[in-house]
Amino acid sequence: MTRKDDAIITQIHTRAEISADKRPTGVSPTLPTLELPSQEPAGRAFPTELTHSPWEPAPGSYGLVVAWQSGTFWLRDLRALLATEEGDRARKTEHDTIAASTLYAIAAAVAPYADRGTGRSVTVAHATIAAQLGVCRRTIGRAWRVLERLGLAQTVLSGRYLTAAERSLIKSRHGRHQIRRASTRALTGIRRTVHLPPVETGTPQSPVSKMVKHQRASARNANATHPRGRGQSRVKANQGRRAYAPWPSDFFEFGAAFTRRFWWLGEHHPASVCAMLDRAGIDPARWTADALADAINAGMTARGITMNHKSRRSSIAYAAWLISTTINHDEPTPVELQRDRAAARERDRARLAAERAAEASRAQSIDHEEVAAIIARSNAETAERNRLRAQQERAARIERERLAAAELLRRRGTATRSAVTE
């Protein structure tokens, strides 16, 4: 859900609350039993009462309707379906064609009118949504049909014109004239298939009892084979009992930290959480609690799984299923990757230290007097080369000056002979 979707839903919630505040007092959406007015219209006979409200679906109408998780997840599922070929086929049929942006805007406007917990009891009229979005009422009906084809909406009670008796009862009770009833719909969630592990043959066991078995219960089962006879002391009775081995402190702390990340595991004993992690193949030497929780969340996002710990009878079994579904034990864990990086850095530091030690040893093995003599000879040769270069440059400069003076004298002589001739 993006910030734009949150803003749209917040704005529509505000409009719905304002509309609810302007509703006349005394109006109730449910009418269990409506009585006739005292004065009946002349020439027509009406029933004395209505046993069922014309606005309420019949009992059991929502029996097969899948409740949504929330409006946010419902809109997320719609956005995911619109990006698939199934969504394109549902939007573009022979009789109904609607743009994806228009369909999403109408769905975002309809969602606040549904029950927040189940997505049911959507009785908003087409004209109300059309006025909010500035579209045609036929477009609203087209959007509802597309949502039903996508499996995200279901009509529980179709809209119709009210009978004369119903209009008369509404007029007498609420003082307003109404001739039509809006449809009652439910915004439904998507049915997701969960692949459970195969059941082993033999004595049927619950997945929870098979995976999570409290250590104290195991100790009691082991001790049951050594009953204490009459007259035996407690010390003698405890001689053959298997000693209770608690979980290591690091594993126990790991389980407690994992429970803090998934708060709904707090209803179980920490030892049960440790047993579940141990049976799921989680090794604290390869994982940290935060790294495991982040890996589970990343795996759920990659597979499109929505966290719902109430989908199983036991939340600890749901946690075990999440680990088996999202964690690949063959891949290196973040702890192992960090450990490998630290080992590589340590190897680099050791290599650099060895190189520095070799350089220092080589420097110590050098004869400094010989080096000084070599440097002195090199400096002397350099000075000699510089002296010779300076002499050559000075001789070249003198030669250039001599040639320049000769050229000047030649030009002056030529000019003097030209003047005498004239």
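Tutor: A crossing is left-handed if the near helix is turned anticlockwise from the far one by less than a right angle, and right-handed if clockwise. Keep that in hand for a model that is predicted.

Student: In which hand does H13 pass H14, left or right?
Tutor: Helix H13 covers residues 289-303, and its axis lies 9 Å from that of H14 at an angle of about 70°. That makes H13 roughly perpendicular to H14, because 65 to 115 degrees counts as such. Apply the turn rule, and the crossing of H13 past H14 is left-handed.

Student: Which residues of H14 make the contact with H13, and how does the contact divide by class?
Tutor: H13 brings Ile-296, Gly-299, Met-300 and Arg-303. H14 answers with Leu-322, Ile-323, Thr-325 and Thr-326. By class, the contact of H13 with H14 has 4 nonpolar, 3 polar and 1 charged residues.

Student: Are H12 and H14 roughly parallel or roughly perpendicular?
Tutor: The axes of H12 (residues 270-279) and H14 (residues 315-326) come within 10 Å. They cross at roughly 25°. Angles under 35 degrees count as roughly parallel. H12 and H14 are therefore roughly parallel.

Student: What is the hand of the crossing of H12 and H14, and what classes of residue make up the contact?
Tutor: The crossing of H12 and H14 is right-handed. Ser-272, Val-273, Met-276 and Leu-277 of H12 meet Ile-316, Ala-319, Ala-320 and Ile-323 of H14. Those residues divide into 7 nonpolar, 1 polar and no charged.

Student: How many residues of H12 are buried, and which are they?
Tutor: Helix H12 is mostly covered, with 7 of its 10 residues buried. The buried residues of H12 are Ala-271, Ser-272, Val-273, Cys-274, Ala-275, Met-276 and Leu-277.

Student: Which residue just after H12 takes a positive phi?
Tutor: Most residues other than glycine have a negative phi. The residue here has a positive phi of about 85°. It is a glycine, Gly-281.

Student: Is Phe-258 buried or exposed?
Tutor: Phe-258 lies in helix H11, residues 249-261. Its relative accessible area is 1%. The cut-off is under 20%, so Phe-258 is buried.

Student: Which residues is Phe-258 in contact with, leaving aside neighbours within four places in sequence?
Tutor: Take one pair to begin: Phe-258 and Leu-292 are 34 residues apart along the chain, with C-alpha atoms separated by 8.0 Å. Leu-292 is among the contacts of Phe-258. The full list is Leu-265, Val-273, Met-276, Leu-277, Ala-289, Leu-292, Ile-296 and Ile-323.

Student: How do H5 and H6 pack, roughly parallel or roughly perpendicular?
Tutor: H5 spans residues 126-133 and H6 spans residues 137-149. Their axes are 8 Å apart, at an angle of about 110°. That lies in the range 65 to 115, so H5 is roughly perpendicular to H6.

Student: What is the hand of the crossing of H5 and H6, and how many residues of each class are in the contact?
Tutor: H5 passes H6 in a right-handed crossing. His-126, Ala-127, Ile-129 and Ala-130 of H5 touch Arg-137, Ile-140, Gly-141 and Trp-144 of H6. By class, the contact of H5 with H6 has 5 nonpolar, 2 polar and 1 charged residues.

Student: Which residue in the loop between H4 and H5 has a positive phi although it is not a glycine?
Tutor: The loop follows helix H4 (100-110) and leads to H5. The residue's phi is about 60°. Its relative accessible area is 42%, so it counts as partly exposed. It is Ser-121.

Student: Which residues of H7 are buried, and which residue follows H7 with a positive phi?
Tutor: In H7 (residues 164-174), the buried residues are Ala-165, Glu-166, Ser-168, Leu-169, Ile-170 and His-174. The residue that follows H7 has a phi near 70°. That residue is Gly-175.

Student: What share of the protein's residues is buried?
Tutor: The protein has 16 helices and 6 strands. Its accessible surface comes to about 28,200 Å², of which 53% belongs to carbon and sulfur atoms. Of its 422 residues, the buried share is 30%.

How values were computed:
Residues are numbered from 1 along each chain as its sequence is written. This is a predicted model: local features need pLDDT of at least 70, side-chain atom pairs count only at pLDDT 80 or more; totals for chains, interfaces and linings use all residues. Side-chain values use heavy atoms; hydrogens and water are left out. Axes are lines fitted to C-alpha atoms, for helices over the stretch in contact, and angles run from 0 to 180 degrees between N-to-C directions. Helices (H or I, at least four residues) and strands (E, at least two) are DSSP runs, numbered from the N terminus. Angles under 35 degrees count as roughly parallel, over 145 as roughly antiparallel, 65 to 115 as roughly perpendicular and the rest as oblique. Contact means heavy atoms within 4.5 Å. Ala, Val, Leu, Ile, Met, Phe, Trp, Tyr, Cys and Pro count as nonpolar, Asp, Glu, Lys and Arg as charged, and the others, Gly among them, as polar. Buried means under 20% relative accessible area, exposed over 50%, partly exposed in between (1.4 Å probe, protein chains only). Accessible areas come from the Shrake-Rupley method with a 1.4 Å probe; for residues, only the protein chains shown count as cover.
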